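Reader: I have a model open on my screen and would love a close look at one part of it. Could you walk me through a loop and then show me how its surroundings fit together?

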Amino acid sequence: MQTLSSRLNIDKNAALPVYLQLSNQLMVLIKAGTLQAGYRLPSTRQLAYLLTIHRKTVIRAYDELLAQGWLESKTGNGTFVAHHLPVFKPQTLANKAPNTAQVAGFNINTPAHLYRKTADMQASFHLDDGFPDVRMAPVLDMSRAYRTQLLTGNPYTRLGYGDTSGSAWLRDELAAYLNVTRGLHVTAANILIVRGTVMGLYLACTGLLQAGDTVVTGEPGWTGAQTNFLQAGANLLTIPVDDHGLNVDLLEQLCLKQTVRLVYVTSHHHYPTTVGLRADRRVQLLALAQKYGFIIFEDDYDYDFHYQNKPLMPLASADEAGMVLYCGSFSKTISPAIRVGYLVGPQNVIEHLSRLRRLIDRQGDTLLENAMAELLQNGIIQRHLRKSLRVYRQRRDIFCDLMKTYLGNQVQFKIPDGGLAVWTHFDPQINLTSLAQKALKKGLYFQGENSAATPNATRLGFASSTPDELQLGVEILAKLLQNP
């Protein structure tokens with residue numbers, strides 16, 4: 001009895017209740033084989049005396065272990081380690097026990113494509129991948145709309161389970177909005193609300209691809225999309241992107257040689273180069289999809305930000321054969337923290353992917369989705385976009401002028417027609433990865449090389465910084481390039 005109490009260490013000042021400390025320590029001793037099946041524990045009164053704690057505390061600890069099956073009680077005879085437990089061999093403590101909170105006891109296989117860096121959002125200045133300026137987000141309108149959805153209406157439906165496809169109100173509002181702004185011809189039944197483009201892409205890969213299917217993307221391209229295709233077990237092929245977008249002639253040559261299941265395209269502002277897919281190639285791509293039967297996944301990540309006249313309508317607006325899945329989100333419109341996006345396609349595809357979505361996410365954030373519907377219905381998002389477009393166009397022009405002035409011949413770029421970043425080529429003599437690391441030490445974040453296919457080129461985002469911040473960021477770059 002004295003030996004058992006010496007193995008128990010009770011800290012009355014700890015946050016964990018004393019009865020749980022006692023029950024947990026007894027459980028550890030049983031698992032370690034120190035207390036074998038059938039071992040008779042001290043009475044509650046005896047153990048309470050030895051540990052200088054209240055008897056009721058010991059009773060509660062014993063009751064906890066009785067309920068979990070570690071102990072069994074025999075009336076008039078005492079409390080024992082349960083006889084049904086297997087015989088645990090006493091374990092010898094190693095010099096250094098493994099940290100199971102960091103390393104699991106089982107093997108895991110993490111493929112290389114899952115290792116992706118995230119942006120350093122703590123830097124003072126940032127020429128990022130093309131993020132919006134979240135300081136401009138209509139947060140007061142959003143908070144009012146969210147509060148309204150939280151506090152009004154039938155609480156059973158407001159706070160209960162909803163449609164797996166997403167808020168019916170938001171899908172109605174989105175259908176009307178997309179029909180007007182994108183030239184689509186859809187209803188709520190053609191829309192699946194997702195957490196963002198990545199989720200829409202993941203669902204499409206999981207629900208529409210089989211291992212070994214051929215998927216084609218542009219090169220250079222978006223690693224996020226390529227990761228999804230690789231994770232789905234697809235045969236990933238790339239074709240070049242030039243100043244007019246995806247080389248559709250090469251795509252057709254590929255289709256003549258093998259079956260293509262899906263083509264991923266960012267037709268409006270190709271990621272990462274920002275070039276648009278020329279009109280004749282759009283027509284040709286749609287024709288090829290119909291002829292060869294492949295899916296077009298159209299990722300329209302920043303459609304709203306086009307600075308030269310009106311933007312070209314998406315491929316989905318001219319799709320007469322039901323071959324296009326159109327995906328977008330409010331991440332660039334408002335903020336990456338607003339995890340609301342939409343996947344648009346034929347009704348039977350949306351129904352199929354909605355059933356699949358239920359396996360990983362029963363539903364989205366109904367309150368947030370309804371709040372977004374209210375903002376669309378009241379025209380708040382539309383007004384925010386008009387303001388953002390003016391501001392971002394000004395910042396694009398200022399940023400491009402700054403690069404010409406401060407960086408001179410060390411960088412080459414074309415002023416983008418749209419989007420939130422400038423595709424920039426650095427002088428081949430510059431180690432772009434090293435430059436990005438040195439810049440971060442000076443408080444400036446930007447990506448290193450964006451693609452192995454285009455060495456010494458990266459996206460420099462201008463939208464998330466004010467003119468003064470852009471000036472300071474470019475000055476940091478200029479000083480580092482002058483004194484490497």
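Author: Let's start at Thr274, which sits in the loop between β8 and α11. Bear in mind throughout that this is a predicted model. Thr274 has a phi near 75°, a positive value in a residue that is not a glycine. Most residues other than glycine have a negative phi, and most peptide bonds are trans. Thr274 is also buried, since its relative accessible area is 11%. The loop between β8 and α11 (279-292) holds Pro272 as well. Here the backbone has another feature to look at: the peptide bond joining Tyr271 and Pro272 is cis, with omega about 10°.

Now step back into the strand that comes before this loop. Strand β8 covers residues 262-265 and pairs with strand β9, residues 295-299, in the parallel sense, over four bridges. If you want a marker for that pairing, find Tyr264, which stands opposite Phe297 in β9.

Both strands belong to a wider arrangement. Eight strands form an open sheet with mixed pairing, in the order β4-β11-β10-β9-β8-β5-β6-β7. At its edges stand β4 and β7 (245-246); each has a single partner strand, so one side of each is left without a neighbour in the sheet.

The edge strand β4 deserves a stop. In a regular strand the side chains alternate between the two faces of the sheet. In β4, residues 191-194, both faces are covered: Ile191 and Ile193 are buried on one side, and Leu192 and Val194 are buried on the other. The partner of β4 is strand β11 (residues 341-344), which runs antiparallel to β4 and is joined to it by four bridges. Within that pairing, Ile191 has Val344 of β11 as its bridge partner.

The strand next to β8 on the other side from β9 in the sheet order is β5. The loop between β5 (214-219) and α9 (223-231) contains Pro220. Glu219 and Pro220 are joined by a cis peptide bond, with omega about 5°. So much for the second cis bond; a further positive phi turns up at Asn456, with a value of about 65° although Asn456 is not a glycine. Asn456 belongs to the loop between β14 (444-445) and β15 (457-461). With a relative accessible area of 9%, Asn456 counts as buried.

Charged pairs come next. Side chains of opposite charge can pair when their charged atoms come close. The structure holds 14 salt bridges, and a few of them are worth following along the chain. Asp361 and Arg195 meet through their side chains at 3.0 Å, N to O, in a salt bridge. This pair links distant parts of the chain, 166 residues apart: Asp361 is in the loop between α12 (347-360) and α13 (366-377), and Arg195 is in the loop between β4 and α8 (197-208). Asp361 is buried at 16% relative accessibility, whereas Arg195 is partly exposed at 30%.

Lys414 and Asp243 form another salt bridge, with their closest N and O atoms 3.1 Å apart. Lys414 lies in the loop between β12 (411-413) and β13 (421-426), and Asp243 in the loop between β6 (235-242) and β7, so this pair ties together parts that are 171 residues apart in sequence. Lys414 itself is exposed, with 60% relative accessibility.

Arg135 and Glu469 also meet in a salt bridge between their side chains, at 3.0 Å from N to O. Arg135 is in the loop between β3 (125-126) and α5 while Glu469 is in helix α16 (residues 467-482), so the two tie together parts 334 residues apart in sequence. Salt bridges with shared partners join Asp133, Arg135, Arg395 and Glu469 into one network.

Two last places round off the tour. Thr44 lies in helix α3, residues 44-51, and is buried with a relative accessible area of 15%. The side chain of Thr44 makes a polar contact of 3.0 Å with that of Arg55. Setting aside neighbours within four places in sequence, Thr44 is in contact with Arg55, Val58, Ile59 and Tyr62. On the surface, by contrast, Leu150, Leu151 and Leu159 form a nonpolar patch with about 280 Å² of accessible area together. Of these, Leu151 lies in helix α5, residues 139-151.

Terms used. Residues are numbered from 1 along each chain as its sequence is written. This is a predicted model: local features need pLDDT of at least 70, side-chain atom pairs count only at pLDDT 80 or more; totals for chains, interfaces and linings use all residues. Side-chain values use heavy atoms; hydrogens and water are left out. Patches are made of residues with over 30% relative accessible area and no salt bridge: like charges are joined within 9 Å, nonpolar side chains (Val, Leu, Ile, Met, Phe, Trp, Tyr) within 5 Å. Accessible areas come from the Shrake-Rupley method with a 1.4 Å probe; for residues, only the protein chains shown count as cover. A salt bridge is a side-chain nitrogen of Lys or Arg within 4 Å of a carboxyl oxygen of Asp or Glu. Buried means under 20% relative accessible area, exposed over 50%, partly exposed in between (1.4 Å probe, protein chains only). Two strands pair if DSSP finds at least two bridges between them. A polar contact is a pair of N or O atoms within 3.5 Å; within protein, one must be able to donate a hydrogen and the other to accept it, and residues adjacent in sequence count only if both atoms are side-chain atoms. Contact means heavy atoms within 4.5 Å.
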